[in-house]
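Hello,

Here is the structure I promised to pass on to you. Have a look at it first, and then read on for what turned up in it.

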Amino acid sequence: MPFVRVALDVPVDEAFDYRADDASADDVGRLVVVPFGRGRKVGVVVEVTTQSAIEARRIRAVARIARDLPRLPEATLDLFRFCARYYHHPLGETVLNALPTALRRPDGAALATRSEYVRTAEGEQRTVADLPVRAHAQRALFGAFATEPVLTPTRLRAGGPAARRALGALMARGWVMEREAVAAQAESVPPAVTAAAGPEPTPEQRAAVDAVTATLGSFQCHLLHGVTGSGKTEVYLRLIEAVARRGEQTLLLVPEINLTPQLEARLADRLGSERLAILHSGLAEGERLERWLRAVRGDALVVAGTRLAVFTPLPRLGLIIVDEEHDGSYKQQEGLRYSARDVAVFLGKQRGAAVILGSATPSLESWQQARNQRYRLLQLPSRAASNPPAIRTVETRGVTLAEGLAPPLVEAIGQTLARAEQSLVFVNRRGFAPTLLCHECGWIAPCHRCSARLTLHSAGRRLRCHYCGHDESIPRSCPSCGNQDLRALGAGTQRIEQALAALFPKARIARIDRDSTRRKRAFHELRERIEAHDLDILVGTQMLAKGHDFPRLTLVGVLGADNGLLAADFRAEERLFALLLQVAGRAGRAALPGHVLIQTEFPQHPLFQALIAQDFAGFAQVQLDQRQAGAFPPFLHQALLRAEATQEAQVFEVLEEARRQGHPLAEGITLYDPVPALMPKVAGKWRGQLLIQSPSRNALHAFLDNWWPRIGSKRVRMSIDVDPQDF
Ligand code: ADP
Ligand code: ZN
Ligand code: ZN
């Protein structure tokens with residue numbers, strides 16, 4: 001008697017056995033609905049067997065095997081198995097979280113039994129002529145079977161009530177019957193590619209395209225290092241076309257913020273919108289499912305999406321592109337803590353597909369892989385259609401700032417306004433001011449649920465926590481000493497917007513941050529206003545740093561860059577450099593020359609020197625030398641054991657215990673002492689961690705395989721973070 005072994009969305013490592021009398025090996029990878037506890041769950045069959053270790057009378061039967069939906073191919077199941085193992089996460093959660101939400105609802109429409117209609121054996125013998133002359137609707141419907149042997153309920157609904165009545169009559173005659181739908185097995189044939197022509201590629205673009213084209217059909221990872229505006233997207237488009245002409249699919253991964261209607265339009269323009277499946281978080285459930293299905297059936301030749309899209313099963317995968325590969329949003333920070341970039345490289349290897357990692361500021365991990373020849377380095381050193389922006393620093397030490405703005409920046413904004421061009425003032429802090437301070441006693445408004453300071457909002461009338469969302473009105477006086485003169489310290493986007501409005505009363509100013517773009521389409525509308533030159537000055541956070549192309553934007557001013565220099569993380573400088581070069585890259589993207597002014601107290605700092613020279617390679621060299629000398633990634637591999645609980649002592653007890661357990665197993669491994677997380681308390685939960693490190697990736701994983709199953713606690717949530725990005 002066959003059993004199916006089902007991966008379910010529950011936090012245990014095992015799959016669950018169910019009875020399925022009609023199951024066959026062909027059902028591996030299919031979605032199933034199964035009873036679970038007192039409810040039902042959706043799962044995926046990972047194995048069909050004839051034996052189960054579970055007592056026969058305790059095994060329940062599968063409720064339904066969804067044979068009308070495409071099954072997950074073996075390669076996709078293997079990818080999930082790899083991720084579950086590599087990231088030390090339960091397979092069931094790994095698989096189920098990668099599916100569209102609509103497919104995870106056991107009682108949802110997507111998994112409901114679907115019928116379809118076909119002719120019976122008798123019906124096959126009949127023709128329309130056998131029906132009464134006046135039975136128009138029956139004749140029309142029966143006639144349709146001659147060309148479409150299977151009619152779906154959707155197709156019937158299109159015929160209205162008359163078609164429904166005719167169907168009933170044909171079934172009563174015994175000519176037509178209803179049966180449970182099955183998925184079409186044959187892959188549909190890809191449509192021919194008739195792309196609109198793009199611009200003539202530059203010789204550098206051509207060389208990059210040729211280099212990748214030469215490797216199509218087998219695995220090779222390319223690192224495309226192209227300065228901002230160098231035309232990386234153009235290289236992607238040409239390659240996507242080449243891959244589509246081979247009848248193969250491209251997976252294009254982008255950071256959330258880059259999935260702009262602009263990119264969508266550009267792709268649709270070149271490839272036709274019917275060949276695209278764009279997957280982003282703003283989609284309605286049904287829409288996402290429909291696009292996912294087109295991708296899985298091989299109908300969509302380009303599947304573009306954010307990190308989760310890396311798990312879309314693509315039957316004819318030929319090329320994987322990871323745009324802005326250095327971007328932090330590729331790393332998921334909860335559940336399966338995967339890096340979509342790293343999974344993409346694994347996927348390319350597994351499927352024998354070419355991979356392109358593109359960036360103006362590659363991650364040092366990828367840069368090192370290029371230096372040691374594992375990845376092929378392709379360079380686009382100059383802008384395709386404009387000149388590089390001129391970058392300089394503005395020293396703020398000992399200078400009185402007008403609400404955070406140094407005089408040279410104010411002056412430059414004035415000149416830009418006079419030329420009827422646009423300025424962007426970049427402040428990577430939303431809100432009015434990051435701190436409310438008592439000058440008498442040094443009290444700083446804290447969040448009582450987090451180890452964070454509260455941020456002032458709404459022109460300084462509200463206090464809000466950016467970690468847990470807590471919101472309160474500002475106190476009338478210092479809760480600690482009673483002083484009534486509490487001051488806003490530092491400047492966020494709201495305060496800078498206000499200051500600029502006072503300095504340039506005639507200018508049209510807009511603030512672009514998470515607060516001002518909360519409403520759906522708000523960001524889109526702001527972008528349109530920028531493009532229409534309906535705005536003169538933009539004040540924005542990193543939402544505006546990446547990917548955008550605004551032809552009249554010629555001045556970029558950067559405030560608060562020094563905050564990034566002071567961060568404790570060993571990746572702080574790498575991130576700051578990337579962010580600043582990306583922001584600078586927004587200036588002067590068209591015919592007009594661009595200028596970038598960076599306010600800093602440390603203009604001599606090597607990071608700013610490298611930035612002025614726009615010398616990524618030089619910067620990377622220095623950073624990598626430091627990392628090597630100090631034994632940091634990428635010269636070493638890390639994992640974190642994270643723990644979280646309502647009581648601080650519990651966190652450290654379990655971490656200490658885990659360390660004791662790990663000690664005898666740690667061969668070729670360094671196990672550090674438990675320490676508080678960088679943000680030790682968030683929303684009432686204390687967080688601690690333990691760093692595990694090794695020069696050998698294999699040794700690290702062998703240790704985790706051995707250690708992780710032995711540790712656990714009922715009261716403390718623990719997780720493993722492999723290749724952690726945040727501490
Ligand atoms: P990146 O993705 O590297 O920042 P884009 O692909 O967005 O750069 O290109 C920047 C600008 O240069 C765009 O406006 C694009 O249309 C233009 N561009 C790209 N390649 C060419 C080319 N070969 N000839 C003319 N213009 C180009
Ligand atoms: Zn005080
Ligand atoms: Zn808080």
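How many residues surround ligand 1, and which are the closest? There are 17 of them, and the closest are E200, Q205, G229, K232 and T233. Please keep in mind as you read that this is a predicted model.

**Around the ligand**

Let me stay with ligand 1 for a moment. By residue type, its shell divides into five nonpolar, six polar and six charged residues. Helix α8, which covers residues 232-245, gives the most to this shell, with three residues.

Three polar atom pairs are worth finding on your screen:

- Q205 has a polar side-chain atom 2.8 Å from a nitrogen atom of ligand 1.
- G231 takes part through its backbone, where an N or O atom lies 3.0 Å from an oxygen atom of the ligand.
- R266 has an N or O atom in its side chain that is 3.2 Å from an oxygen atom of ligand 1.

As for how covered the ligand is, ligand 1 taken alone exposes 560 Å², and the protein buries 77% of that.

**A sheet of six strands**

Next, please turn to the open sheet whose six strands follow the order β15-β25-β24-β16-β23-β22, with parallel pairing. Why do β15 and β22 each have one side without a neighbour in this sheet? Both β15 (390-395) and β22 (509-512) stand at the edges with a single partner strand each, so one side is left free of a neighbour in the sheet. From one strand to its neighbour the turn is 20° on average, with direction ignored.

At the β15 edge, the partner is β25 (residues 595-600), and six bridges join these two parallel strands. If you would like one position to locate there, I391 stands opposite V596 in β25.

A helix also lies across this sheet. Helix α14, made of residues 493-503, crosses β16 (422-427), β22, β23 (537-540) and β24 (553-559). Its direction is at about 175° to β22.

The loop leading to β16 holds a small surprise of its own. A420 sits in the loop between α13 (407-418) and β16. This residue has a positive phi of about 60° although it is not a glycine.

**Antiparallel strands**

There is also an open sheet of three strands, in the order β18-β19-β20, and here the pairing is antiparallel. Its edge strands are β18 (455-457) and β20 (471-473), each of which pairs on one side only. The twist in this sheet averages 35° from one strand to the next. Three bridges hold the antiparallel pair of β18 and β19 (residues 462-464), and among the partners are T455 and R464, the latter in β19.

Further along the chain you will find a hairpin. Strand β28 (residues 675-682) and strand β29 (residues 685-694) run antiparallel and are joined by four bridges. K681 has W686 in β29 as its bridge partner. Two residues lie between the strands of this hairpin, and A683 takes a positive phi near 50° there.

**One more peptide bond to check**

Which residues does the cis peptide bond join? It joins P633 and P634, with omega at about 5°. P634 lies in the loop between α19 (616-630) and β26 (637-645).

I hope this gives you a comfortable way into the structure. Do write back with any questions.

Warm wishes

Notes: Residues are numbered from 1 along each chain as its sequence is written. Chains are lettered from A and ligands numbered from 1 in the order in which they are written. This is a predicted model: local features need pLDDT of at least 70, side-chain atom pairs count only at pLDDT 80 or more; totals for chains, interfaces and linings use all residues. Side-chain values use heavy atoms; hydrogens and water are left out. Two strands pair if DSSP finds at least two bridges between them. Axes are lines fitted to C-alpha atoms, for helices over the stretch in contact, and angles run from 0 to 180 degrees between N-to-C directions. Contact means heavy atoms within 4.5 Å. A residue is near a molecule or strand if one of its heavy atoms lies within 4 Å of it. A polar contact is a pair of N or O atoms within 3.5 Å; within protein, one must be able to donate a hydrogen and the other to accept it, and residues adjacent in sequence count only if both atoms are side-chain atoms. Accessible areas come from the Shrake-Rupley method with a 1.4 Å probe; for residues, only the protein chains shown count as cover. Ala, Val, Leu, Ile, Met, Phe, Trp, Tyr, Cys and Pro count as nonpolar, Asp, Glu, Lys and Arg as charged, and the others, Gly among them, as polar.
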